[in-house]
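User: Please examine the following structure with regard to its charged pairs and its helix packing.

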Amino acid sequence: TEYLPVNQLPNATKLFRLGDLPAGLLFAGNSRIGDQSIRALVENCVEQLQLNTNTDLLKTADQLLDFLNDKISKAYPDDHKENRPSMDIILSGYSKDSWKPEILRIKPGIDEKVTNELENEDLKISFGGQYDVIERVVHGIDFDNFYKLNLKHENILLNYHKSLQEWLKKE
C-alpha cells in the first residue's frame with residue numbers, strides 16, 4: 001500500500017503577495033478549492049477586493065475569509081463542515097499608516113475565523129501548517145493515531161479477556 005497526500009502539493013507555490021498591499025499570504029493545507037488552485041483563488045480575490053495600500057489588514061483578512069468560505073461552500077455544498085478541506089492561512093504585513101507588523105491567522109472552511117496572532121503586541125513566530133505532522137515529529141505520534149492505537153489495544157485486551165474466560169469455563 002502506498003499512501004499519498006490528497007490535494008497537498010509540497011512543491012506548489014504557497015507564498016503570495018497580496019496585490020499592492022505591504023503584506024503576504026502563506027497557505028498550508030489543501031492546494032485547491034474545488035477545481036481552482038490557490039494561486040487562481042488569490043488572484044481572483046485580489047482582483048475582486050481591489051486591494052490597495054489604504055487597506056486595513058484585519059478588514060482584508062475578514063474579506064478573504066468570506067471570499068474563501070463562499071468558494072468552499074459552493075465547491076463542497078453537501079459536506080458537513082468537518083469534512084471540508086483543511087486550510088491554514090497566515091496574512092502578515094502592515095496596515096495603512098502603521099509601522100507595527102501584523103500576523104493574522106485565517107481558518108476558512110471548518111473553523112471559519114480570523115485570529116490576531118499579535119493581540120498583546122508581542123513579536124513572535126507563528127507556524128501555519130499541519131499540526132498532526134508536527135505532533136508526530138515532536139512526540140513520535142499524533143493525537144488521532146494515539147487514540148486509534150489505544151482503541152486497538154483495548155479491543156485486543158477485551159478479546160483476549162473474552163477468549164480466556166471462555167477457555168476457563170471449558171476447564
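User: With which residue does Asp-70 form a salt bridge?

Analyst: In this predicted model, the partner of Asp-70 has its closest N or O atom 3.2 Å away. The two residues are four apart in helix H2, and are therefore separated by about one helical turn. Asp-70 is partly exposed, at 33% relative accessible area, whereas its partner counts as exposed, at 60%. The residue that completes this salt bridge is Lys-74.

User: Is Asp-88, which forms a salt bridge with Arg-105, buried or exposed?

Analyst: The closest N and O atoms of Asp-88 and Arg-105 are 2.9 Å apart. Asp-88 lies in strand E5 and Arg-105 in strand E6, so the pair ties together parts that are 17 residues apart in sequence. Arg-105 has a relative accessibility of 11% and counts as buried. For Asp-88 the relative accessible area is 2%, and the cut-off for burial is under 20%, so Asp-88 is buried.

User: Are H1 and H2 parallel, antiparallel, perpendicular or oblique to each other?

Analyst: Helix H1 (residues 38–49) and helix H2 (residues 57–75) have axes 11 Å apart and pack at about 125 degrees. Perpendicular covers 65 to 115 degrees and antiparallel begins over 145. H1 and H2 are therefore oblique.

User: How many nonpolar residues take part in the contact of H1 with H2?

Analyst: H1 contributes residues including Leu-41 and Cys-45, which meet a set in H2 that includes Leu-64 and Phe-67. Of the residues in this contact, three are polar and one is charged. The nonpolar residues number six.

How values were computed: Residues are numbered from 1 along each chain as its sequence is written. This is a predicted model: local features need pLDDT of at least 70, side-chain atom pairs count only at pLDDT 80 or more; totals for chains, interfaces and linings use all residues. Side-chain values use heavy atoms; hydrogens and water are left out. Axes are lines fitted to C-alpha atoms, for helices over the stretch in contact, and angles run from 0 to 180 degrees between N-to-C directions. Angles under 35 degrees count as roughly parallel, over 145 as roughly antiparallel, 65 to 115 as roughly perpendicular and the rest as oblique. Contact means heavy atoms within 4.5 Å. Ala, Val, Leu, Ile, Met, Phe, Trp, Tyr, Cys and Pro count as nonpolar, Asp, Glu, Lys and Arg as charged, and the others, Gly among them, as polar. A salt bridge is a side-chain nitrogen of Lys or Arg within 4 Å of a carboxyl oxygen of Asp or Glu. Buried means under 20% relative accessible area, exposed over 50%, partly exposed in between (1.4 Å probe, protein chains only).
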